[in-house]
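Q: Hi! Could you walk me through this one, please?
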Amino acid sequence: MTETVRPGTVETYRSEIRFAAQPEDLFDAFTTLEGIAGWWTEQVSGSGAEGGELVLGFPNSDGPRVVLHVDRAERARSIVWTVRAVPPLPAWEEWADTRIVVRLQPGDGGGGTRMVFEHEGLTPVLHCYDTCSRGWDHGLATLRTYVDGGTRHAAF
């Protein structure tokens, strides 16, 4: 069974979610091109390995892409991305130099995974906070559908 443990906090966007899937499955969903295309955006290239860069395109940003530097990719434990480049659009510009942090822990007793997801720097003082936090809520819901249900459907 999957359930949301806690929604975002006021300091930075944060979500804690329990998955039936194992930590390795979630790790792959964040670090492989196939995985990212299965839940976030099909317009993805690059490398999700530590030290690599991921280049993402989205329907509302035809032109420059979002570039994520992979600061950490510790198998089945954690992923850290720094947002290096964004399209010149107000909702995206506030993402520049923010960090996306994913922590994975084995579930209690019955298996599965507890994921803590944070977008450090995405705070309520930003103009895009409401739109972007709703976007993450939607994206993380499609992540759950992908890793727990096996249904590929990019959120954007």
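Q: Cool, are Trp39 and Trp40 buried or exposed?
A: Trp39 is buried, and Trp40 is buried too; buried means under 20% relative accessible area, exposed over 50%, and partly exposed in between, using a 1.4 Å probe and protein chains only. One note: this is a predicted model, where local features need pLDDT of at least 70, side-chain atom pairs count only at pLDDT 80 or more, and totals for chains, interfaces and linings use all residues. Residues are numbered from 1 along each chain as its sequence is written, and side-chain values use heavy atoms, leaving out hydrogens and water.

Q: How many aromatic pairs are there?
A: The structure has 13 aromatic pairs. Rings of Phe, Tyr and Trp (its six-membered ring) pair if their centres lie within 6.5 Å; planes under 30 degrees apart are stacked, over 60 edge-to-face, and the rest tilted.

Q: Why is the pair of Trp39 and Trp40 stacked?
A: Their ring centres are 5.5 Å apart and the planes are at 15 degrees, so the pair counts as stacked.

Q: And what about Trp92 and Trp95?
A: That pair is edge-to-face, with 4.8 Å from centre to centre and 65 degrees between the planes. Trp92 and Trp95 are both buried.

Q: New topic: why is strand E8 largely enclosed?
A: Seven of the eight residues in E8 (residues 113-120) are buried, so the rest of the structure largely encloses it. Strands (E, at least two residues) and helices (H or I, at least four) are DSSP runs numbered from the N terminus.

Q: Which strand does E8 join over seven bridges?
A: That's E2 (residues 13-19), running antiparallel to E8; two strands pair if DSSP finds at least two bridges between them. Ser15 has Phe117 in E8 as its bridge partner.
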